[in-house]
Every structure is written in C-alpha cells, then in structure tokens.
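Trainee: Could you walk me through this one? I'd like to start with the ligand and then move on to the sheet and the core.

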Amino acid sequence: MASLSLENICKIYPNGFEAVKDFNLEINDKDFIIFVGPSGCGKSTTLRMIAGLEDISKGTLKIDGKVVNDVEAKDRDIAMVFQSYALYPHLTVYDNMAFGLKLKKVPKEEIDKKVRHAAKILDLEKLLDRKPKALSGGQRQRVAMGRAIVRQPKVFLMDEPLSNLDAKLRVQMRTEIAKLHERLGATMIYVTHDQTEAMTLGTKIVVMKDGVIQQVDTPQNLYNYPQNLFVAGFIGSPQMNFVDAVVAKDGEKVVLKMNENKFVLPEAKAKELVEQGYMNKTVTMGIRPENIHDPKELAEVKNGCELNVKINVYELLGSEVYLYFDLEQFPMTARVNADTTARMGDEVKFIMDMDKTHIFDKETGIVIT
Ligand code: ATP
C-alpha cells in the first residue's frame, strides 16, 4: 500500500475561487483518513486533486515519496468510489467488477480470481449474475467497492459513498467499510460531512472549513481537545454548549462571570488564563452536554458549579434525555439519564463539571485551556 504527502496544496478554480488553501498533510500506509467539514469546505476538491481528476494549482502531491502532480489519474494507482456508484446497468455484477481489468487486458483466469476474491470479501458471491437494477442500494454500494478492490490500488478514495443509503443501511455499511479497511490493510481517504461517520471510521480526521484545515487528529483527541471553536462545535452531538463570560477575581478565586452567574475555575485553568493575560477579558466557555449533571446521577465531580435554570424542552431518546434550557441569553443542552425527574417548565439545579470545560479566545476562537 502507500503513503501520501500533501505539501502546501492550493486549488484555485478558473473563476478565481480559492477552494483549498495551503493544505498540508502526511498520510501513512494503512491510515484511514477522513476529510470532514460543512458543505463547500473543499473536501471533494482535495480528494479529486489526489485522484488526479482536478489540477493542483500550487503545492506538491507525493505518493510513496514520488511527486505525482503531473501524473495522469489512470496512472496514479488510486481507486475512487463515488457517491453515485456509477455501475454499468447492462452489465452483471461480475462484469461490472471485471470491467477495468478487462480494459487493462489482464488474463481471464486472473480476472476471475480477483473478482471472486473481492466478491467473497464483500459477501457478493451469490449476486454475481445479477444486473444492478436487481440489487438493493447497499448491494450496489458493495459492487462499487468491489470494482475498486479488484484493481488492488495503492490508495482508496471514497467521496460520501454512503450518502444515498437510508439511515439503517448507512450504519450497516459503515461497519462493512471499517472491516474492509481492516481486511485489506489499505490506505483509505474518505470524504463525509457526517461527523458520526468520521468519528467511527477514521484513524485520523481532518476537519476543514472554508478550504482551510482546522485540526488533524484522532477521533478521541478531536472530541476531548478541540483546538478551536469551530471544531468544538462541529464534533459532538448534541453539540458543545457555549457561553461568553468575563475572567475575574472573586476573593482568592478566579471565576468566569456572567451577568447573574459566576463559576469558579479549577486551579490549572485559572492559572493558564491569568498567565496568558485574560484577566478582565471576555472569553467563550464550552461544555459538552454530558458534563452538565443532574445532581441525582452525580458522577464524581471534583470542581462542580451549580446552575439554576428552567427547562424549556424535555426530549427522551430511550436511554437518555436531552434537557434544553437558557443560561442567561445562551441556549444550552444537558444530556442526562432517562430516569431524571426533570420535565418541561421545572426549575432545576444542575452541576457543571468545570474540569471538563474548554475556554476559547472569543476573538480568534482558538483554545486557551
Ligand atoms: P460538499 O460536502 O457539499 O460536497 P465539499 O466540501 O466537498 O462540499 P467542494 O466540492 O470541494 O466542497 O467545493 C469547495 C468549494 O469550491 C465550494 O465553494 C464550491 O462551490 C467551489 N467549487 C467547486 N467546483 C468548482 C468549480 N469548478 N469552479 C468554481 N468553484 C468550484
């Protein structure tokens, strides 16, 4: 398989629009890389530049250490699986998978071996004689994958391959793709705007916004240590809560002060804010919904602050409940156990775990502590 290196890659479309800006990324052999971000952030453009379907305006793309900027798509040893599958409707599953190899004049027996091997991996052995119209969405998806697998490419590229499937099938195929990555030991690059897909599949996730990389990290680090407000808000569902507050002294303690509320900061966070010159400045505090506790379910919270609020909406999701409320003018969500007694309209006391807060510079959005 292969490693890739993207160095200072830019894409400027002929109309002058800069879709990808100074993109730098090292992709190791066997990595499962996810490009994730909102619509229009440049994910597909980057993938298409790697595939050779789009010119690179500036920068260097290397595969296994060799510069491939000017190597044609068909010579890059890369297979791309598209959202639309692009199967040939008049060909059987077998012939759809064999098509590329036939064009390359690969001997018949070898084609047969490769197609049957891919069919086995993808559980398509019983469907080889069918035409695409006699297949379900998930089966068609697998055939599209099969077509890529038989080519034994160095790199697999996938552009939102699950977006045409219904919710249940998406979850099923997601597991299939994860298994496939494991089995093939291949380098894969996968584009999605779905953060759940990104978090469950990727070994490394690249979060993008407006053509610029925001953070490259493991799923766990992205969730626990978001580097800026955008990543913090994009990763996690329901999303992280944000409130603005002023860093202030309260006796010996350092607190985050809102109009009517104040929250004592844990020592380490207080120290960091003071040292970095944020005293008396407004910052943005972020806290995930699961770190706002119903006192009854109280997990061990060393540095807890009370929140006295009124529940606006109660939402039961089976094993857990989302409680929506306002903290002064900021809309918030708490994610608590389903056995909570809190209901819409109730005055509730929550405990906010201050060790789990993320403090961001309000102007730049960059994390402080
Ligand atoms: P989505 O999730 O909606 O597919 P994306 O992150 O994959 O979005 P791209 O398709 O890479 O985004 O597009 C990035 C930006 O480049 C968008 O603003 C898009 O409008 C613009 N763009 C794409 N193709 C062209 C083109 N041929 N000419 C000019 N601008 C383009």
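Trainee: Which helix gives the most to the shell around the ligand?

Mentor: Keep in mind that this is a predicted model. The ligand has 13 residues around it, and the closest include Ser-44 and Thr-45. With three residues, the top contributor to that shell is helix H1, residues 43-51.

Trainee: And by class, how many charged residues does the shell around the ligand have?

Mentor: Polar residues account for eight of the shell, and nonpolar ones for four. That leaves the charged class, with a count of one.

Trainee: Now the open sheet: which strands are at its edges?

Mentor: Four strands make up this sheet, with antiparallel pairing, in the order S2-S1-S4-S5. An edge strand here pairs on one side only. That picks out S2 (18-27) and S5 (66-67).

Trainee: Over how many bridges do S1 and S2 pair?

Mentor: S1 covers residues 4-12, and its pairing with S2 is antiparallel. Within this part of the sheet, Ile-12 sits opposite Glu-18 of S2. The number of bridges between S1 and S2 is six.

Trainee: What about the largest nonpolar core: which helix supplies its largest share?

Mentor: Nonpolar side chains tend to be buried together in soluble globular proteins. Here the largest core has 97 residues, and Phe-156 is among those touching the most other members. Leaving out residues up to four places away in sequence, Phe-156 touches Ala-79, Val-81, Ala-148, Ala-186 and Met-188. As for the largest share of the core, six residues come from helix H4, 137-150.

Conventions:
Residues numbered from 1 in each chain as written. Predicted model: local features only at pLDDT ≥ 70, side-chain atom pairs only at ≥ 80, totals over all residues. Near = placed C-beta within 6 Å. Helix = DSSP H or I, 4+ residues; strand = E, 2+ residues; numbered from the N terminus. Nonpolar A, V, L, I, M, F, W, Y, C, P; charged D, E, K, R; others polar. Pairing = 2+ DSSP bridges. Core = buried A, V, L, I, M, F, W, Y, C linked by C-beta atoms within 7 Å. Buried ≥ 20, exposed ≤ 12 C-beta atoms within 10 Å, placed from the backbone. Contact = placed C-beta atoms within 7 Å.
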